[in-house]
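Colleague: I would like to look around this model with you, and I will keep asking how you know things. Shall we begin?

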Amino acid sequence: MRASASQPHPRPAEAIGRPAPAALPRWGAAVLLALGLLALYSGALRTGFLNDDYVFLEQVRLARLPVSLWAPDPLGNYYRPVSRQLYFESLHALFGLEPLGYHLVNFALFLVCLLLLADLLAVFAPPWATLAGVAYFGLLHGQRVLLTWISCSQDLLALLGSLAAVALFRRGRLAGATVCYALAAFSKESALPLPALLVLWGRWQEGRPWGEAVRRAAGPLIVAALWLGAALAWHRAHPAAGSWLKLGWAEAAAGYAHMAQSFLFLEQPQRALDHLLEHAPSWPALALLLPLALWFPPRVGAAAPRPALRLAAAWCVLFGVPLVPVVHTWSAYYYTLAAVGAALAMAVLAARADRWTWAALAAALLWLHAGASGVRAFAVVDRPWVWTSHLTPFYFERGAAYVKRLSRQMRELLPSPPRGARLFFATLPSYAGFQMGNGALLRALYREPTLQSYFYSQFSESTAGSAPCDFFYWDGERMKRLYPAAQGRFTQVAGDLMLLERPAGARHALLRALAAGEDPREAFYWLGWTELMAGNRPAAEAAWRRMGARDSALLYWRSLDRGQQALARGDTAAAHRAFLTAVPYSIGRPEAHRRLGALLFERQPKYALLELAVTLQLDRADRASRRLLAIGLSRLGMQESAGRQVERLWREDPAMRADPELQAAWSKATAARTGGADVATFPATEKPRVIEGG
């Protein structure tokens, strides 16, 4: 006989032949659990906006509904109109740029998800076991990321819609289940497998034939097909939207391995025991969760029926499928929907639990949560077999601290930027998320929609134009202004960009220098070299003529000779003046530039490297100058450019591979290119080190 979908589950205590515990109001357990979770996640709920939050908030300003529903996504990756456009549009209307309101809404969504999860688990487990399953789900360390990062509303809405769809489907409300599933699917792709789960539910739990089970799930199946069509059409309409999907057997194996890892609180398995010993559980949360023992039976009973484990396994397997293509960027919170299956398994296993079991379980879960959340590390490479999440709780805690700190310091340095200003950042703390896109965070900080910001190397005509510009860098402690205007700001910027091998940006900086009234002799000198680097020799010669250059072999060699004599008697200042004097008399000869580069290498490294770069424009076979350039670039931290110079030297002269200084420069360049290792770890001093993670 087929079981009815609405048929009540027998009272578990009676089913196993022992009295139920004293009746206590279930709302009391719900309130205690909610308060315990609030105590545990209170810090997360006080976090400000982070990373993607700013670009989604900005889309609210730039593209209002309904246009934004089909507009190019701010991140250019996925089509999620419910959890991105609709969610941020709605909450922005209520809370504006105050993050607490968004966090409270997310926490409320999380609590509703737990209620729906309890409704599902109660089908298979007694009340106390249901409570254990819900608590396990709520204490998974991935949930801390879910409640720290406002943009994780995408996962919360997918979870909410999926659980609501299951609840309505079980009760025969198929139209409502279809609507809820649509909300879930258009919030995040992780919800897509739900129709298959509903078919299994109809077959396994309701005893329906396969054909009938499929027909009952027709609504969600149609929604899944509509989502696929809409997503393909969206990507076709916006071809610039990127894709980070990768498929393969290695990805599939890694996806499920990391699922098990996430369910077992193994954020960083190599040091799991160390982290447990370093971090105690949250005592306020434990104080609130321990009284839940009153809702458990005083004695251990028999096990609950096992068929639910089949459904739990199917849930984990099905909801792990959408994560396989993105496992190279995996994080524990990715497995939020799949964790419903783990919670079901926990509820089944907890059917034998008594009050003492709960006390031990609550303490263990909180301790595991503290240990996993306390990992001061995150993965920094996109690779499936990396044993630490890319976005850990620490990643966001650190990022939030830096955003708060850097924002305060920017306010002190620049209380009110000019309208339409362009801000450029030379260095920033790694993985801090302060510079997103073209400055969404800074526009929110200053409440100035015309403001834009970029990384320093992005300076160009398209990013700077003729707008007011300012330049900043992070010195490891504070944000500071780079190159005050009195120091010939744009000329200095041009020199840096030349060393970064960005001649177009350098050219624009030099044109800005001339417009700003900076030293025209120096500006035209370097402008000529940027034009030559770009292959425009007539423009280069025109710039040098405006500098005052004129050919005179006699004066050129006479100046070089004076410089050599000054060097012979140890007068480097006189040698410097003599070599500089020689340059305009024969600007296309490499000798003066070569000697200036060697002379200034230790005392004025930036100008030395510029002159060495010029030397190589004139004499590409000058290996001695290229060697000095490679070593100098490495010392200044320009590892990418240094690596290219070393690579060329070794290709042209393999004997130079034995040079220890070039080997050191190559090692630094390789480490910078690969990130040095898979996982960045940060001890309390905040000085990063890396460990092998994959």
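Modeller: Let us start with Gly548, which follows just after helix α25 and takes a positive phi of about 110°. This is a predicted model, where local features need pLDDT of at least 70 and side-chain atom pairs count only at pLDDT 80 or more, while totals for chains, interfaces and linings use all residues. Residues are numbered from 1 along each chain as its sequence is written, and side-chain values use heavy atoms, leaving out hydrogens and water.

Colleague: What makes something a helix or a strand, such as α25?

Modeller: Both are DSSP runs, numbered from the N terminus: H or I over at least four residues for a helix, E over at least two for a strand. Helix α25 covers residues 537–547.

Colleague: Which residues of α25 are buried, and how do you know that they are on the same side?

Modeller: They are Ala540, Ala543, Trp544 and Met547. The arc they cover around the axis is only 100°, which puts them on the same side of α25; that arc is taken from the directions from the helix axis to the C-beta atoms. Buried means under 20% relative accessible area, exposed over 50%, and partly exposed in between, with a 1.4 Å probe and protein chains only. Pro538, Arg545 and Arg546 are exposed, on the face turned away from the buried side.

Colleague: Why are β2 and β3 said to pair?

Modeller: Two strands pair if DSSP finds at least two bridges between them. Strands β2 (residues 422–425) and β3 (residues 452–455) have 4 bridges in the parallel sense, so they pair. From β2 the chain crosses through helix α20 (residues 440–446) to β3, in a right-handed β-α-β crossover. Right-handed here means that, with the strands pointing away from the viewer, the path from the first strand over the helix to the second runs clockwise.

Colleague: Why is the pair of Phe124 and Trp201 called edge-to-face?

Modeller: A search of the whole structure finds 38 aromatic pairs. In this one the ring centres are 5.7 Å apart and the planes are at 80°. Rings of Phe, Tyr and Trp (its six-membered ring) pair if their centres lie within 6.5 Å, and planes under 30 degrees apart count as stacked, over 60 as edge-to-face, the rest as tilted. Both values meet the cut-offs, so the pair is edge-to-face.

Colleague: Why is Phe124 called buried?

Modeller: Its relative accessible area is 8%, which is under 20%, so Phe124 is buried. Trp201, at 5%, is buried by the same rule.

Colleague: What makes Arg310 sit over the ring of Trp204?

Modeller: The rule asks for NZ of Lys or CZ of Arg within 6 Å of the ring centre and within 35 degrees of the ring normal. The charged end of Arg310 is 4.2 Å from the centre of the Trp204 ring and sits over it.

Colleague: How do you know whether Ile222 is buried or exposed?

Modeller: Ile222, in helix α12 (residues 218–237), has a relative accessible area of 51%. That is over 50%, so Ile222 is exposed.

Colleague: And why does Glu501 count as partly exposed?

Modeller: Its relative accessibility is 38%, which lies between the two cut-offs, so Glu501 is partly exposed. Glu501 also has a positive phi, near 60°, in a residue other than glycine.
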